[in-house]
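Hi everyone, thanks for making time this morning. I'd like to walk you through a structure, starting with the place where its chains meet and then moving to some charged side chains.

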Amino acid sequence: MTVPPLGDPLRSPGWLPIASSLAQLAETNAESHWPSLRCDPAIVLELARMGGLTLTGVQLQAIHHGTLLQAFVDRWHDPELGWIDWRELPASSLRSLGLRIAAYSESLAQRTQKTAPESAWCAGLLAPLGWYALLAQGVALFPPGSESGYDPLALARRWMHRWQLPAWLVATTGYLHLPLDAVVRLGGDADLFAIVQTAVFLAQGQDAHLRLAPSAEFVEPSLRRLGLHGGPPQFPDVVPTPEIPDHFHGDPRRIPLLFDWLKTVGEHRRQANLSRAERLEREADELHRLLLEQRSGEALRLRDAKLNALAELAAGAGHEINNPLAVISGHSQYLLSREECPERRQALQAIVRQTQRIHQILNELMLFARPAPPQRQPLDLHAILQAVLLEVRDLADRKRVRLEVHEALQPIALLGDARQIQTALTCLVRNAIEAATEDGWVRIRQLLPESNHLEMVIEDNGPGPEPAQREHIFDPFYSGRTAGRGRGLGLPTAWRLAQAHGGDVRFESLPEGPTRFVLVLPTVSSGEESPIRRCA
Amino acid sequence: MKTVFTTGEAAKICKVSQQTIIRCFDNGQLRGFRVPGSRFRRIPREALYKFMKDNGIPTDALESGKRKVLLVDDDVDLVELILKVLEEDGRFEVRVAQNGFDAGMMVKEYRPDLIILDVMLPDINGKEVCQRVRADNTLEDVRIICISGMIEEDKIQELKLSGADDFLHKPFDIEELIERMCAQLEIEPASASA
């Protein structure tokens with residue numbers, strides 16, 4: 001037995017499938033032709049090269065997307081690309097042998113349920129791979145009157161290594177003459193190997209001269225592995241072999257216009273693949289979005305749980321704390337009403353004031369944790385702004401902060417809870433005044449509504465929040481707050497009330513610029529009837 | 001003791017409508033005078049007493065001249081304070097119930113003009129007390145002011161729906177409590193003794 005040098009014959013880029021297979025590959029539903037395509041060793045080999053053949057079955061994407069067809073089109077004019085005339089001897093007998101091994105393998109896989117039948121079929125069909133390769137090179141396998149000197153298994157191994165086929169397939173098809181345990185050590189899959197080896201052994205019959213099967217004693221472990229101690233099953237000697245249609249007989253490269261047609265189809269498929277790539281990217285984007293949504297959904301659930309816990313606490317604590325506060329405050333008020341000493345009066349007044357402050361803190365906590373559902377009514381933004389200014393005027397005067405208000409001239413149709421919007425706005429303006437520098441300014445601007453929302457911009461000349469604190473600025477649970485802006489529940493409350501209205505509060509980072517918060521409120525959409533317009 | 005009454009106060013004491021008092025005043029059945037420089041009617045105590053005797057109206061309300069208040073709260077310190085303040089005010093006669101059950105009993109028996117009701121009682125909830133009072137036709141005129149340390153806006157709304165006339169958050173301004181009481185009883189806010 002000789003192994004030809006790994007020169008020219010094995011530089012081979014493979015061989016072309018039969019013309020009818022190519023025609024089937026060119027169809028839109030190429031994969032639906034798999035039952036006949038899988039009888040063509042060129043197709044199965046190419047699919048294995050493309051990674052479509054695995055131990056658990058076959059994947060037909062390469063056929064479906066046209067990449068398999070494209071591989072042949074690309075190699076079409078390669079002078080080394082072979083072709084096998086399967087109707088001529090010895091190719092015809094090799095073909096029927098290959099199909100017999102494939103059928104037996106598939107049947108054994110089905111009986112033993114040890115491996116995927118499709119995988120077994122494919123591996124079985126490729127068992128005579130070494131012979132196929134030689135045929136494709138036009139080598140005379142068996143010169144008349146002599147036995148072939150080639151070692152088909154060695155050829156197959158080299159071939160498969162070159163084409164970087166998976167190790168389990170190389171071990172199965174390349175070491176058929178070895179016993180099972182040896183092949184497993186070489187990376188073979190015990191079950192698949194046992195199946196294919198048994199199938200080859202049973203199928204070889206009169207083709208013993210092809211020297212694919214091992215000696216009977218080496219097959220023994222495979223039979224045991226398959227639980228066939230009582231002797232191998234009886235398989236028919238002849239398995240149905242698909243006919244090769246006459247008009248598809250012959251080298252496909254000689255069929256006029258076939259190449260042009262396949263090339264056009266290939267290009268078309270490539271285009272389709274491009275759009276498919278886009279679709280895949282979109283799908284990936286969508287998955288990414290869903291993942292994010294799920295993640296943020298979890299974050300939302302966590303936040304809601306925290307808010308609920310806070311609301312429970314505030315409600316419980318509210319009652320427990322307000323009752324003693326009422327006693328403290330009440331008695332102080334009583335004493336105050338009959339106290340004349342100015343010093344003591346002052347002290348008593350402070351007690352009353354501070355109890356009120358504690359009460360207020362509890363209320364704010366509740367307002368943040370569980371604001372009442374907004375009572376939506378047409379809003380008079382001008383009146384709300386005036387009320388806000390009235391509320392913060394004292395604080396602004398004390399800090400000598402200038403308040404500038406720029407209102408939109410046209411009335412804006414806005415639905416909302418006037419008290420809550422006023423509270424939200426007051427929180428933001430108060431926060432701005434507190435953060436503004438002494439003798440600084442706070443500017444409140446009402447922008448004209450865009451699409452379906454209105455923005456109120458609150459700016460101040462104070463330093464903005466530290467970058468590390470920005471993402472926590474609306475989070476009342478964030479404990480890393482230092483002194484200055486964003487202490488207390490003002491910003492979180494504004495944010496919460498805006499959210500309850502379907503709006504938002506955001507911080508806009510302006511390098512070098514003023515510190516800017518934006519209150520976003522949804523306007524009455526054009527679909528709804530504006531109550532304000534109705535009133536007008 | 002209060003010596004002069006407005007028509008509204010007289011109506012309350014006699015448990016008739018203010019219109020009736022005005023009609024009797026105008027037709028001379030009920031004697032009184034008009035505030036100089038205005039058309040406001042005033043009724044001296046003796047005139048009102050005679051009017052009530054003449055018409056067979058029980059005079060016990062006039063005899064004390066005080067409005068009856070039932071204070072329901074389990075916080076002894078707060079009860080003590082409110083008692084002291086209302087006593088000093090002089091216009092109110094006050095009894096105290098420390099739980100919902102006692103409150104229910106006393107409403108029937110004492111027939112107060114006004115209940116100051118803490119919402120969170122050791123036994124039954126203030127909301128239930130409100131509902132029970134409102135379910136009784138003979139207690140229609142009883143006014144209820146709830147006081148509570150609770151801060152949930154929706155629960156406060158619920159309370160108002162179950163029949164409370166007013167609500168005051170704890171801690172509260174004592175003067176405000178008295179003002180609200182006067183408003184409910186339709187008496188002049190400033191204390192007579194003040």
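Let's begin at the contact, which takes 22 residues from chain A and 21 residues from chain B. Please keep in mind throughout that this is a predicted model. Which three residues of chain A supply the most buried area against chain B? They are H319(A), H331(A) and Y334(A), and together they account for 28% of the area that chain A buries there.

As for size, an interface is often described by the accessible area lost when the parts come together. Here, chain A and chain B bury about 1,800 Å² between them, and 62% of that is on carbon and sulfur atoms.

Now for the polar side of the story. Eight residue pairs are in polar contact between chain A and chain B, both residues being at pLDDT 80 or more. On chain A's side, the elements giving two or more residues to the contact are helix 14 (258-337) and helix 15 (342-369). Helix 14 of chain A has the largest share, with 14 residues. Sorted by class, chain A's side has nine nonpolar, 12 polar and one charged residues.

How many salt bridges run between chain A and chain B? The count is one. In a salt bridge at 2.4 Å, N to O, the side chain of R338(A) meets that of E88(B).

Let me step back to the chains themselves. Chain A has 536 residues, 49% of them buried, and holds 20 helices and nine strands. Its accessible surface is about 26,700 Å², with 53% belonging to carbon and sulfur atoms. Chain B has 194 residues, of which 47% are buried, and its elements are nine helices and eight strands. Chain B exposes about 9,800 Å², half of the story being carbon and sulfur atoms at 50%. If we take contacts between residues at least 6 apart in sequence, 72% of those in chain A join residues at least 24 apart, and for chain B the figure is 59%.

On to salt bridges in general: the structure holds 31 over all chains. One of them joins the side chains of E339(A) and R344(A), at 4.0 Å from N to O. Are these two partners buried or exposed? E339(A) counts as buried because its relative accessible area is 18%, under the 20% cut-off. R344(A), at 53%, is exposed.

Another one is R516(A) with E459(A), whose closest N and O atoms are 2.7 Å apart. This pair links distant parts of the chain: R516(A) is in strand 9 (residues 515-522) and E459(A) in strand 7 (residues 453-460), 57 residues apart. E459(A) is buried, with a relative accessible area of 2%. R516(A) also forms a salt bridge with E508(A), at 3.2 Å between the closest N and O atoms. These three residues belong to a network of salt bridges that also includes R402(A), E404(A), R443(A), R445(A), E455(A) and R506(A).

Finally, a stop in chain B. R67(B) is found in strand 4 (residues 67-72) and is buried, with a relative accessible area of 10%. What does its side chain reach at 3.5 Å? That would be the backbone oxygen of L185(B). Leaving out residues up to four places away in sequence, R67(B) touches several others, among them K12(B), R91(B), E93(B) and D113(B).

That's my tour, and I'm happy to go back to any part of it.

Terms used. Residues are numbered from 1 along each chain as its sequence is written. Chains are lettered from A and ligands numbered from 1 in the order in which they are written. This is a predicted model: local features need pLDDT of at least 70, side-chain atom pairs count only at pLDDT 80 or more; totals for chains, interfaces and linings use all residues. Side-chain values use heavy atoms; hydrogens and water are left out. Helices (H or I, at least four residues) and strands (E, at least two) are DSSP runs, numbered from the N terminus. Buried means under 20% relative accessible area, exposed over 50%, partly exposed in between (1.4 Å probe, protein chains only). Contact means heavy atoms within 4.5 Å. Accessible areas come from the Shrake-Rupley method with a 1.4 Å probe; for residues, only the protein chains shown count as cover. Buried area is the accessible area (1.4 Å probe) that two parts lose on being put together, summed over both. A polar contact is a pair of N or O atoms within 3.5 Å; within protein, one must be able to donate a hydrogen and the other to accept it, and residues adjacent in sequence count only if both atoms are side-chain atoms. Ala, Val, Leu, Ile, Met, Phe, Trp, Tyr, Cys and Pro count as nonpolar, Asp, Glu, Lys and Arg as charged, and the others, Gly among them, as polar.
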